[in-house]
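Biologist: Could you walk me through this fold, starting with the overall picture and then going into the packing?

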Amino acid sequence: MAEILAALRSLMSSHDPPLHALVVPSEDYHQSEYVSARDKRRQFVSGFTGSAGLALITMNGALLWTDGRYFLQATQELTGEWKLMRIGEDPAVEVWLADNLPNDATIGVDPWCVSIDTAQRWERTFAKKQQKLVQTSTNLVDKVWKDRPAAETNPVIVHPIEFAGRSAVEKLKDLREKLTNEKACGMIITTLDEVAWLYNIRGTDVSYCPVVHAFAIVTTDSAFLYVDKRKVSSEVDSFFKESGIEVRDYDEVSSDVVLLSSNQLNSSSAVKETPTDVQANGRNEVEGNNNNFIWVDPGSCCYALYSKLNSDKVLLQPSPLALAKALKNPVELDGLKKAHIRDGAAVVQYLVWLDKQMQEIYGASGYFLEGEGPSKKKHSETMKLTEVTVSDKLESFRASKEHFRGLSFPTISSVGPNAAIMHYSPQAETCAELDPNSIYLVDSGAQYLDGTTDITRTVHLGKPSAHEKQCYTAVLKGHIALGNARFPNGTCGHTLDILARKELWKYGLDYRHGTGHGIGSYLNVHEGPHLISFRPRNVPIQASMTVTDEPGYYEDGSFGIRLENVLIIKEADTKFNFGDKGYLSFEHITWAPYQRKLIDLNLLTPEEIDWLNTYHSRCRETLAPHLDETELAWLKKATEPVVA
């Protein structure tokens, strides 16, 4: 680590102009949450493996910013050269730089790896101290990363209409109508899942996310895909031509943005509009000449491309594709429900297997009975279960299901103190052995052709303490309260977040992560633009969106609890309709039992007990056709009705 920092500081000194500091973001050229191995620059320089964070290197220091999900993990992973900066508790990076570097300081960043919003926020703060943000012409980290992984050439795959529900041609037509309405002549699309969704393509360029490294530009009469052409087969190229999409080399996006800025970007496959089409699109030929704005999303478009545009002709607005993608069509909703049934069966099969193994190998009391497990395992070292070996077993159950295409994120398989690390990622060399006397948390999901899944269950296969039961029950009550919510159209997730925390707050407890995120249709497991969080985001929740319901509680050094289901937002049938707004509610589509042994039934209301029994009854009915006799018998026992 010291050698890497020394090499970077040498490059910073020799840079023109010399740099006082270098910012190394987590993001790639597309502002992705999850990036490919060759784009993990922040991880390379810092050693911190979490998905979110920002590294700052000065001539005499190194600091890493990350959020509450990763405070404990970062403390464990960062070496002595690094100082942890806690987002929400410590000053933001731009404030720290303004306060700690001299006036006229120069701060370098690769403009491809930072969004417009972020870069402009930094520039405003730096300007107060006459400091300057410098766009480096090359990425300095790449210069010192001698064994940086090579770019892969994985094939572009067409996502069939039977799963997508709508054609790329239809989606392009909708987007062009939005461009016309906003007086825009074109849009630059940089977010990988938006490119994949718009063009109905998928790929394997990023682990766990079925996306392709590509940019897109769509104008009122053309559509371009910028991708490594070696990834495009003749069959896929034919699909693009039929859809009116022209394929160009990945690196051409830079020069084509310049052409777009000067209204000189032309396509050999431009959409030719008839006078009727022009009239249908709500404009005439003269009006069309005024449509000269270029739409870019300031939160996701990289600063490098924005810098090539005339800022007076840029429409800085959130991408219309984010919301369009979040509003699932009927085919996508049906696919998501079917995927979650198969996934629920895999999770139940895993719990049956884990219950049996823990009893046989460790003498645990098991999923149903309460009792202290023996302190020593009954069998040899070769028989032991670890966080990684059981995680692999869960993946094998999923892999046997129809349409399986891989995991949707690295499985969080965590026992005891490791479960308190919210986004813990077990490694074979260092992971813990399962312990029948400790809580076990597993947060996992899969990619299926018809949907993406994400589920968390927390279990104890020994004797849980009264405190653990109380905490689990508080989390469950919040989980139920949010899932049962009814709310008017126009409500944002920030308003609903308190429902999941209220019971925890009674005890002075809380958690440092959001409560819900959208989920893709065989796309990214985290999907916006909406969310349910203590962090405000002014995006109303709408019918046909998906969102997770995942409150938790974590005690450092002891245990962690999280419960997570995927929900679909639907119209609610209410007795009244105040303000004629219309009301919404949630539909659970995740199926797996909650462990009764961890529930303090005395803390549940009669309504909560009714909900639990109803949910468990539906679990049995929904999953029964997908389980064998032994598995179904286990599930029946796990979902027996409870009474207070």
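Biologist: How many helices and strands are there in the protein?

Modeller: Keep in mind that we're looking at a predicted model. As for the inventory, the protein has 21 helices and 28 strands.

Biologist: And what radius of gyration does the protein have, set against a compact globule?

Modeller: The C-alpha trace spans about 75 × 65 × 50 Å along its principal axes. For 644 residues, a compact globule would come out near 26 Å. The protein agrees with that, as its radius of gyration is 26 Å.

Biologist: Let's do sheets. In what order do the strands of the open sheet with 6 strands run?

Modeller: The pairing in that sheet is mixed. Its edges are strand E12 (246-248) and strand E14 (314-316), each pairing on one side only. From one strand to the next, the twist averages 20 degrees. Reading across, the order is E12-E11-E10-E8-E13-E14.

Biologist: Which residue in E10 is the bridge partner of Gly186?

Modeller: Strand E8 (residues 184-189) and strand E10 (residues 215-219) run antiparallel, joined by 4 bridges. On the E10 side, the partner of Gly186 is Thr219.

Biologist: Now the open sheet of 4 strands: which strands stand at its edges?

Modeller: The order there is E21-E28-E27-E24, and the pairing is antiparallel. Neighbouring strands are turned by 40 degrees against each other on average, ignoring direction. An edge strand has a single partner, so one side of it is left without a neighbour in the sheet, and that applies to E21 (486-488) and E24 (546-549).

Biologist: Which residue in E28 is the bridge partner of Pro488?

Modeller: E21 pairs with strand E28 (residues 583-588) in the antiparallel sense, over 3 bridges. In E28, Pro488 has as its bridge partner Tyr583.

Biologist: What angle does the direction of H18 make with that of E28?

Modeller: H18 packs on this sheet, where it touches E24, strand E27 (565-571) and E28. Relative to the direction of E28, the direction of H18 makes an angle of about 130 degrees.

Biologist: Sticking with H18, is it roughly parallel or antiparallel to H19?

Modeller: The axes of helix H18 (residues 466-483) and helix H19 (residues 493-506) come within 7 Å and cross at roughly 155 degrees. Angles over 145 degrees fall in one class, so H18 and H19 are roughly antiparallel.

Biologist: Which residues of H19 are met by H18?

Modeller: H18 passes H19 in a right-handed crossing. From H18 come Ala474, Val475, Lys477, Gly478, Ala481 and Leu482. The contact's residues divide into 8 nonpolar, 1 polar and 2 charged. On the H19 side they are Leu496, Leu499, Ala500, Glu503 and Leu504.

Biologist: What about H4 and H5, roughly parallel or antiparallel?

Modeller: Helix H4 (residues 93-100) and helix H5 (residues 116-127) have axes that come within 9 Å and cross at roughly 25 degrees. The cut-off that matters is 35 degrees, and angles under it share a label. H4 and H5 are therefore roughly parallel.

Biologist: How many nonpolar residues does the contact of H4 with H5 have?

Modeller: Val93, Glu94, Val95, Leu97 and Ala98 in H4 meet Arg121, Trp122, Thr125 and Phe126 in H5. Of these, 1 is polar and 2 are charged, while the nonpolar ones number 6.

Biologist: How is H16 oriented to H21?

Modeller: Helix H16 (residues 330-362) and helix H21 (residues 629-638) pack with their axes 10 Å apart, at an angle of about 90 degrees. Since 65 to 115 degrees is the range for one class, H16 is to H21 roughly perpendicular.

Biologist: Which residues of H21 make that contact?

Modeller: H16 supplies Val348, Gln349, Leu351, Val352 and Asp355. By class, the contact has 5 nonpolar, 1 polar and 2 charged residues. H21's part is made by Glu631, Trp634 and Leu635.

Biologist: Any backbone oddities? Where is Pro529 found?

Modeller: The peptide bond from Gly528 to Pro529 is cis, with omega near 10 degrees. Pro529 is found in strand E23 (residues 527-532).

Biologist: And where does Pro17 lie?

Modeller: The bond from Asp16 to Pro17 is cis too, with omega near 0 degrees. Pro17 lies in the loop between helix H1 (2-14) and strand E1 (21-25).

Note on methods: Residues are numbered from 1 along each chain as its sequence is written. This is a predicted model: local features need pLDDT of at least 70, side-chain atom pairs count only at pLDDT 80 or more; totals for chains, interfaces and linings use all residues. Side-chain values use heavy atoms; hydrogens and water are left out. Axes are lines fitted to C-alpha atoms, for helices over the stretch in contact, and angles run from 0 to 180 degrees between N-to-C directions. Helices (H or I, at least four residues) and strands (E, at least two) are DSSP runs, numbered from the N terminus. A crossing is left-handed if the near helix is turned anticlockwise from the far one by less than a right angle, and right-handed if clockwise. Contact means heavy atoms within 4.5 Å. Ala, Val, Leu, Ile, Met, Phe, Trp, Tyr, Cys and Pro count as nonpolar, Asp, Glu, Lys and Arg as charged, and the others, Gly among them, as polar. Two strands pair if DSSP finds at least two bridges between them. The radius of gyration is taken over C-alpha atoms; the globule rule is 2.2 Å times the number of residues to the power 0.38.
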